[in-house]
Amino acid sequence: MLDILERVDPHGDRIDLLIELVDCLRPRQRHRGHARAAVRTLTQLLRGNPAQAWALRSYIVTLLEKRRHTSLYSDIGILSNDGFFTELKRRIAWRLLPPALDDLYLSDALDQLLYAEEDHLWIRSVPNADWLALFDVVADAPPPIDAAPDRARQVTIEGMLDAIRTLSCRVCALGLEPRLVHSYSEIEDFDSPFLMQNIEVNHYLDEYGRFLDGARSHPDDPRHLLVMLDQCDDVVAKIRRNSLSFGTSVALTYVLVAITQSIERLRKLLFLVDSSEAAEELPPVLLAVPDGDAGQAPSSSRALVAMAPPEGPPRPVSARRAAALELAQELVEAHNTKYQVRGLFRDNIHLLARNVTENASRTGEHYIAETRVQLRSMFNAAAGAGFIVGFMAMFKILLSYLRAAPLVEAFLFSMNYSFGFMLVHMLRWTIATKQPAMTAQRIAAGLHSPDGRSIDFDSMAELVNKVFRTQIVAVIGNVLVAFPTALVIAIAYQQMMGKHLVMPEKAMHLLHDIDPFHTPALFYAAIAGVWLFVAGLISGYYDNKALYTRMGQRVRQLRWLGSLIGIAARDRLSRYVENNLGGLMGNFFFGILLGTTGTVGYLLGLPLDIRHVTFSTANFATALVGLDYRMSLEMVANAAIGVALIGAVNLLVSFNLALWVALRARKIRFTRSVMLLRALGRRFLYAPLDFFIGPRDVEVIDIPVFTRENK
């Protein structure tokens, strides 16, 4: 490190020596304690040799003067205007082959200095007090007598001012995007805050330029401009809230994220360039920085912080310096992660995932029975679905006899599944295994609370209890009807065709497929559970799409459809599409997933297939007839256990995945499951019969909470 300091040329503009110096500070093998020790060592070396400190300052100032600053403040850490998918492709391409660097830009110098993706971690591990002490030593270094004054502060401020203008124009352009106006049409009824903030920024910068030229004693107070930025934030918040009712898209979410990032950066830059007296009115407040703490400096524009350097008493440090250090750390982290695809998805997909799960949650409410009457209705709906599945199982067996090419067979199987599931949906019947992906979203919505603590566990236990008994009744309805339906179909086929629907060899194969002990049937059931979860997401996505694109209104505008089926029928169809597009598309794609999994596994040589409880039940009945009812008790028990376990795996996998995604979409961390289990236990002990078959009416059972006082 000392050798590097001795080689520093005060007037040099090559970045090589600074790269070597940063390499000395960078820890080896993730030992971040080395970084703090290295920063303190550098501080002591410069404090003991003021000439080297001034040489380093002059060298850094020369580097700053030779490079353009604007893109560093306006681009790093902020999404571009190109859209989500363009940005995604760019990040993937640049991760494989980074863009060429240009010594003309300060942002590219950051690429050369902090090239490791984990540099931001060790930089944040060094306490702010140590960084400020190092900067003070360099900034306060006494210059030689003949040294000319440097322009470091002026160059930095000019770069920030240019970045403020650039960001303001970007916010204005994004705020007038048609998709934004489409989601919040009220913005056309008054002056757009996105446009007004740009007018205010231009006025503020013009006055600031006069201040720099000496025509004014101090720049304007940016309070009015900050109010306009607050109004822009309010519009963004309203659009986010409206999206839960009217849907959203990846493109809209991307625009909202880009606007939010730009506004936040604008606020930080405005605070850093604000030199008005109002910014320094408050007295300094001492903030202790414990040893080894990498605490974050506050970024508030109306607070002052005092940090102690490694040596000597604490001295007050203005909020502007603390905010500048925080912004520098933020820029370094954004620079290190700018090619990461994960960060792009994290910033943009949250709102879309929330809307998808929110729509699935609304759908899930239809799969929750409140009373015994509703449970009987659910059983009847599940029985109807079991009846349809019995025929779907027969069609699948018949299609397999065609011996078609693998891809053709996959298409035929997929259409059998898809149209069958869509028919079940249109008849308002229900497949039991489709419920968990929907009801899990409803449970996650119930677990959401503003502070994460005020959850009514008795109400949640009631909801979970309803979901549990509804699910059990639906599975029983599917299985109890699918089995006799398939049995009757197999018997009728034998009577009509003079031969079995499946020969004994095929029957044994069907039984082998549901064997849970000697085949990977449960693994295949887990794959089906994953597809059930995916189908739930697809349903939520298309429900969101139907809202966002106003699908019903678009259908009502089709004149040719009105001429073909009549105006009244067209209106009914438009309402049906708007309310059921998610369910139809979810069932359609679910059928494709089920129908193609086995073929994809065959083509790739991978052990991939699916097992679904209702189809397994139908296949069990078909095999029973194919073997002329000659099945041992062991074979029957093995098949029954297989069907039960396949159903359990189907339900658990789809439910857990859906609940996990719903909790993540709502940013919920639920760690109090024990209290929920206790509430469920109280409900079971108080009314065990109602726990399984539901109350007679819709009144909520008031479960007493036993405490020491009333026990």
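**Aromatic pairs and a negative surface patch**

Y524 is buried in this predicted model, with a relative accessibility of 12%. The ring of Y524 pairs with that of F523 in a tilted arrangement, with 6.0 Å from centre to centre and 50° between the planes. F523 has a relative accessibility of 45% and is therefore classed as partly exposed, because the partly exposed class lies between the limits of 20% and 50%. The pair thus joins a buried residue, Y524, to a partly exposed one, F523.

A further aromatic pair is formed by Y541 and Y542. Its geometry is edge-to-face, with the centres 5.2 Å apart and an angle of 85° between the planes. Y542 is buried at a relative accessible area of 18%, whereas Y541 counts as partly exposed at 35%. The structure holds 14 aromatic pairs. In addition, one aromatic cluster is made up of Y417, F421, F590 and F615.

Charged residues on the surface were also examined. D9, D13, D102 and D103 form a negative surface patch. Within this patch, D9 is located in the loop that connects α1 (2-6) with α2 (16-25). The relative accessible area of D9 is 41%, which places D9 in the partly exposed class. This value is compatible with patch membership, because patches are made of residues with over 30% relative accessible area and no salt bridge.

Key. Residues numbered from 1 in each chain as written. Predicted model: local features only at pLDDT ≥ 70, side-chain atom pairs only at ≥ 80, totals over all residues. Heavy atoms only, no water. Patch = residues over 30% accessible without salt bridge, like charges linked within 9 Å, V, L, I, M, F, W, Y side chains within 5 Å. Areas by Shrake-Rupley, 256 points an atom, 1.4 Å probe, with all protein chains shown as cover. Salt bridge = Lys/Arg side-chain N within 4 Å of Asp/Glu carboxyl O. Lys, Arg positive; Asp, Glu negative; His and termini not counted. Charge placed at Lys NZ, Arg CZ, Asp CG, Glu CD. Helix = DSSP H or I, 4+ residues; strand = E, 2+ residues; numbered from the N terminus. Buried < 20%, exposed > 50% of the residue type's maximum accessible area, 1.4 Å probe, protein only. Phe/Tyr/Trp six-rings, centres within 6.5 Å; stacked < 30°, edge-to-face > 60°.
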